[in-house]
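The following exercises ask you to read a ligand site, a division into domains and some backbone features from a structure. Work through each task with the structure open before turning to its solution.

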Amino acid sequence: MTLLPVPHTAIIVVAAGSGTRLEAGAPKAFVGIDARSILRHALDGVFAAAPAQVVVVAPEGFEGDAATELREAAGARGDLGRVVTGGRTRQESVAAGLAALWGDARTVLVHDAARALTPPELIDAVAAAVTAEAGVIPALPVVDTLKRVEGDAVAAPVDRSALAAAQTPQGFPREPLESAYAAALASGVEYTDDAALFAAAGHPVRRIPGAARAFKITTPDDLERARHLLAAERPAAAPSPSTLDRSGVPLVGIGTDVHAFGGDGDLWLAGLEWPGEPALSGHSDGDAVAHAIVDALLGAAGLGDIGEHFGTAHPEYAGAHADAFLRRTRELLSAAGFAIGNVSAQFQSNRPRFSARRAEAEQALSSALGGAPVTVTATTTDGLGFPGRGEGVSVTAVALVVRVGDPSASVRG
Ligand code: CTP
Ligand code: MG
């Protein structure tokens with residue numbers, strides 16, 4: 001077995017808080033952002049940075065859960081991690097982490113697990129900037145206009161150019177940090193962060209630029225922000241249609257839809273209203289032609305299906321017409337980097353008599369799809385099956401799409 005060298009940098013990840021402001025019913029570090037917890041995301045960042053010893057400070061009773069997260073994040077470098085129990089305050093938790101450091105740690109970073117999405121580059125930058133004397137914090141300029149207040153009275157403006165918002169990880173040379181912690185313990189003073197404690201012991205602290213992603217998850221809004229950031233970065237759940245689309249080969253999709261007659265009001269079909277014709281029933285207007293086209297397009301682009309994007313979970317489409325469905329579908333395709341080649345649909349039904357309004361229907365559907373050619377044909381079934389018995393309409397559509405850009409780039413439809 002090869003023994004890898006133990007790095008001289010140690011990162012204490014404090015995760016022992018209770019998360020009272022998040023109100024998530026569990027200690028904050030174990031609240032999920034997506035499939036992964038806040039602590040797991042923080043540790044993923046830590047292990048993506050340059051190798052370091054990692055001490056996770058867990059809430060009492062959650063040491064086993066923390067060890068699981070640590071093992072999974074560490075992968076092959078499980079030898080670099082350990083878990084200790086935290087204290088009543090953040091400062092006590094950091095002290096517990098400090099007491100668990102390996103003998104050969106020279107530089108110590110203290111990091112809030114709550115800053116779950118901190119980029120590994122920021123961790124590396126802090127570690128690299130620590131000197132034998134000086135501590136380092138990442139900090140962002142303050143953008144809000146600040147006021148000094150007394151109760152609800154505004155007493156005075158505050159010059160924000162002289163201020164910066166501190167983040168973590170904060171990095172320090174080990175021995176001065178340990179003695180500063182010992183001094184703080186002896187004095188009984190609680191400092192707002194490690195840099196304040198370190199500076200109070202007479203040591204210099206410098207700042208480097210922070211990162212927006214290193215924001216702290218404190219409130220439910222912060223958690224939402226983290227969730228949105230991750231969701232926006234996740235590749236579409238849909239299969240990226242293999243390598244074919246990359247070489248410009250068009251992709252084909254098929255959609256079918258069936259609706260029974262029996263809805264209220266007039267018929268809506270192929271994007272048109274048909275006064276006097278029996279209506280189709282459905283969650284929306286029952287326009288089976290439009291719905292088959294939506295499925296053909298989504299299917300071609302590998303973006304799921306109509307139920308996912310327009311089903312009962314989307315009450316805004318109750319009663320909606322073809323126009324709304326097709327416009328939204330085109331937006332989904334555009335966001336995923338697809339342009340529409342053409343669409344062809346055929347419906348089977350005894351009614352309505354279609355040929356007189358074919359051009360009008362094709363025009364309406366095409367315009368909702370940004371001008372992509374749409375053709376619609378109609379046929380009867382010689383009296384056979386449910387369309388033949390006049391019970392409903394059956395539609396099949398095929399669509400061709402082509403990848404024209406990166407997902408989320410805006411493209412012509
Ligand atoms: N922390 C800790 N031990 C404590 C208190 C806080 O390890 N006794 C950690 C938290 O887990 C968090 C970081 O310090 O990663 C920053 O603290 P904060 O955001 O205030 O977290 P909580 O104390 O958990 O939240 P709250 O103040 O809302 O209860
Ligand atoms: Mg707290």
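**Exercise 1. Describe the shell of residues around ligand 1 and its make-up by class.**

Solution. Begin with the count, bearing in mind that this is a predicted model: ligand 1 is surrounded by 18 residues, and the closest are Val-14, Thr-20, Lys-28, Ser-93 and Lys-216. Next, sort the shell by class, which gives five nonpolar, seven polar and six charged residues. Finally, place the ligand in the surface of the protein, where ligand 1 sits in the largest pocket.

**Exercise 2. Which backbone atoms lie by an oxygen atom of ligand 1, and at what distance? Continue with the nitrogen atom of the ligand and the covered area.**

Solution. Take the oxygen atoms of the ligand, using a cut-off of 3.5 Å between N or O atoms for a polar contact. A backbone N or O atom of Val-14 is found 2.8 Å from an oxygen atom of ligand 1, and a backbone N or O atom of Gly-19 likewise lies 2.8 Å from an oxygen atom of the ligand. Then turn to nitrogen: a polar backbone atom of Thr-89 is 3.2 Å from a nitrogen atom of ligand 1. As a last step, consider the area, since ligand 1 on its own has 550 Å² of accessible area, of which the protein covers 88%.

**Exercise 3. State how the chain is divided into domains and what distance separates their centres.**

Solution. Read the bounds, which put residues 9–233 in domain 1 and residues 251–410 in domain 2. With the centres taken over C-alpha atoms, domain 1 and domain 2 are separated by 53 Å.

**Exercise 4. Find the cis peptide bonds that lead into Pro-169 and Pro-352, and locate each proline in the chain.**

Solution. Start with the bond from Thr-168 to Pro-169, which is cis with omega near 10 degrees; Pro-169 belongs to the loop between strand E8 (164–166) and strand E9 (170–173). Continue with the bond from Arg-351 to Pro-352, also cis, where omega is near -5 degrees. Pro-352 is placed in the loop that runs between strand E13 (338–348) and helix H11 (358–368).

**Exercise 5. What sign does phi of Ala-270 have, and where in the chain is this residue?**

Solution. Ala-270 is a residue other than glycine, and its phi is positive, near 55 degrees. Its place is in the loop between strand E11 (251–269) and strand E12 (272–280).

Notes. Residues numbered from 1 in each chain as written. Chains lettered and ligands numbered in written order. Predicted model: local features only at pLDDT ≥ 70, side-chain atom pairs only at ≥ 80, totals over all residues. Heavy atoms only, no water. Near = heavy atom within 4 Å. Polar contact = N/O pair within 3.5 Å; in protein donor to acceptor, adjacent residues only side chain to side chain. Areas by Shrake-Rupley, 256 points an atom, 1.4 Å probe, with all protein chains shown as cover. 1 Å grid on protein atoms, 1.4 Å probe; cavity = no way out; pocket = protein on both sides within 12 Å on 5 of 7 lines; lining within 4 Å. Sits in = over half its atoms within 2 Å of the grid points. Nonpolar A, V, L, I, M, F, W, Y, C, P; charged D, E, K, R; others polar. Domains from an automatic or database assignment. Helix = DSSP H or I, 4+ residues; strand = E, 2+ residues; numbered from the N terminus.
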